[in-house]
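Colleague: Got a minute to go through this one with me? Put it on screen and we'll start.

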Amino acid sequence: MPRDSCTVPGAENPPRDRGLSAGAQNAAVRMALHAPRSYGAGATNPFSRLPYSRDDLPVTTNPVLTAHALHKSYGAGESRFDALKGVSLTVEEGETVAIVGKSGSGKSTLMHLLALLDTPDEGELFLRGKNARTLSRRETNRLRNRDFGFVFQQFFLTPGASVVDNVILPLKIAGVGSRERRRRALEALDQLELADKAKNKATDLSGGQKQRVVIARALVNNPTIIFADEPTGNLDTATGTLVEDILFSLNERQGITLVIVTHDTELAERCGRRIFIKDGLEDPTQARQEVES
Amino acid sequence: MKFLDLLRSAIGNTFRSKLRTTLTVIAIFIGAFTLTITSAIGTGISNYIDTQVASIGSTNMLTVTKKADAPQAAGSGPAKYNPAQATDSSGFDRGPAASGAVLSKADLTKIARVKGITSVHPVVQISPKYIEYANHGKYQMTVNIAATFTKADLAAGSQLGDANTNEVLLPTSYLKNLGFGGAHSAVGKQVTIAIDDYQGVEHRVDATVVGVQNTTLLNGGVGLNQNLTDQLSEVQATGRPATLAPGYAVAMAHTAKNPTSTQIDAIKKTLSAEGYTGLTVADQIGAFQTVIGGIIGVLNAFAVIALIAAGFGIINTLLMSVQERTREIGLMKAMGMGGGKVYGLFSMEAVFIGFLGSAIGAAVGIGLGSLISNVLSDTVLSGLPGLHVMQFAPASIVTIILVVMAIAFLAGTLPARRAARQNPIDALRYE
């Protein structure tokens, strides 16, 4: 039960918790509202939600992501660089997984492959048992838009645009009506206690606020997995912890699976499971040390 | 992403870098402005010509000239002299008779026999000495040779008739000098035209003013009806040596009323076979229109060149924009936006820039052009009533805007393709 081993902020942080409780209730309503989704003729949604609540789930495994011997290299000839040399892993639903490694270890590449932002040279990737290679471009786009949320270290907020417009972006891409997407964006911002900043320019916010906007953006389309690439990398310790708390409570309250790429050991420690990557391969020694400790 | 959202985002994006967009828009503005003005001049002038042609009315008329003799092949020497050939005697103060290319009496009968032609009148050049009204003084006069077959734009009175009385049509510019109070008071008055015969003896012929016409492009002088023309021509030829064969440069041939174009073509063909050239009034004005059309075409070509240059401005602007927004594009693609939509976003941005430039260019062109046209009509061109140098046809304005938008779309293809092909990962990593 990896989820239980996660450090989750609870009563020790009452002011923020109040906001999140309200948000969590909303989220439950939203999940019910947006559960049926059309995936085009003949296509099946590998992430179709189960008819029963997540809490009733037995301990049996329910993998969302399965990777088999992923290889990825960049360049050719002399300058060829093998970023990944055969990494295999499984991510269970509702799990929090940290992909840990030094810079250049291939951890970001691994996340990109898992998030379908890139395609592996060799190896197979399964999303709820469906081979990623069989997905059409359109299906891939739909998956990334509706089931994945992204949190980046560099935020990637559109400068000059308002906070709410930044949060709206995934819904706009999905083709949600303007009234509806505004309502949902404000709801997501409210959940992250940023409703009062909705009309501000994204560039005028502090680092922590920016990262919260990014989380709101990742959350707005009600994803099943959030991929976070060094989510606290550009933040000081206090705001970093705050952002971590938010991410983990999303996992706790909304059952969103977290895949976090980091080199921050403290953040990695809070996750249910850690996958150590070194020179493009899973590092067994690190994993063994962890078990021993 | 919905089309409307895409369009709104594209429009929003164009205003993100205001200076750059403005500069590109100015480049397009110049081209669109020029194109609007030149096409308006084309419309204005050809409309004016059309109304002039319409005023001519009778289409059952052909100007007939003799075809120039086939030029002698170089080196074959001068052509053999033909004593039967007529020389031009239609003029009064002619110099040494120019032989060749002149219609003789025999030619006129030959033309009259052509199927479809009802009558032929040689065009005789009348050279009166002066015109006088009562005792208000003698004034030089020019004869409007087109008067008999054109419909005058009347200020007062009526058109010239076929009556057996002498009738004249005065231009408004003659009224004051001749001593008339106004156009209406001139109608019905008697004027006297003096003319010298072949021997230099002055004759005076009386005529009635039937109408007063506004000055136009084609009708410059005093109009005389056929009866008066015949009489003056007879007076003018008094005392001409009988040995001098009369010849005429031009003859007017009439056909049945409202001939069809096939009938006209048939007549022209017969005339051509007989060695004559027949031209309708429309043909002659058509040649004029072709020249104007050519000039307008060249001006338009310059404007289009300006627009193509502006197109490169669009390419440059958008390439910079794509470069700047690489991360944003990467983010949108990571969030599931398809390449086609990204392409649409950037090409719509290009089209919008094109629209902005062309719409502003056309609007300013219409405003400024109308102003200049009105000022010119009231001052320099006041002598040509009805001429508006620039006329803005809605269809051509819409065409200009659409053409510019099409050019902009083509210009946007390259940057839009570059944006659409970006790999989300490379785009997000881009520093």
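Modeller: One term before we begin: two residues are in contact if their C-beta atoms, placed from the backbone, lie within 7 Å. And this is a predicted model.

Colleague: Fine. Which residues of α4(A) meet α5(A)?

Modeller: From α4(A), Val163(A), Val164(A), Val167(A), Ile168(A), Leu171(A) and Lys172(A). Their partners in α5(A) include Arg181(A), Ala185(A) and Leu189(A). By type, the residues of this contact are 9 nonpolar, no polar and 4 charged.

Colleague: What angle do α4 and α5 of chain A pack at?

Modeller: About 120°, with the axes 9 Å apart. An angle of 65 to 115 degrees would count as roughly perpendicular, and one over 145 as roughly antiparallel. The two helices are therefore oblique to each other. The crossing of α4(A) past α5(A) is right-handed.

Colleague: How many helices and strands in chain A overall?

Modeller: 9 helices and 10 strands. Of the 293 residues in chain A, 45% are buried.

Colleague: Switching to the interface. How many residues does each chain put in?

Modeller: Chain A gives 17 residues and chain B gives 16. On the chain B side, α9(B) gives the most, with 5 residues. That side has 9 nonpolar, 2 polar and 5 charged residues.

Colleague: Last one: what should α1(B) span?

Modeller: For 12 residues at 1.5 Å a residue, 16 Å; the end C-alpha atoms are 17 Å apart, which agrees.

Colleague: And which residues of α1(B) are buried?

Modeller: Asp5(B), Ser9(B), Asn13(B) and Thr14(B).

Methods. Residues numbered from 1 in each chain as written. Chains lettered and ligands numbered in written order. Predicted model: local features only at pLDDT ≥ 70, side-chain atom pairs only at ≥ 80, totals over all residues. Helix = DSSP H or I, 4+ residues; strand = E, 2+ residues; numbered from the N terminus. Expected span 1.5 Å × (residues − 1). Buried ≥ 20, exposed ≤ 12 C-beta atoms within 10 Å, placed from the backbone. Nonpolar A, V, L, I, M, F, W, Y, C, P; charged D, E, K, R; others polar. Axes fitted to C-alpha atoms, helices over the stretch in contact; angles between N-to-C directions. Parallel < 35°, antiparallel > 145°, perpendicular 65-115°, else oblique. Left-handed = near helix turned anticlockwise from the far one by under 90°.
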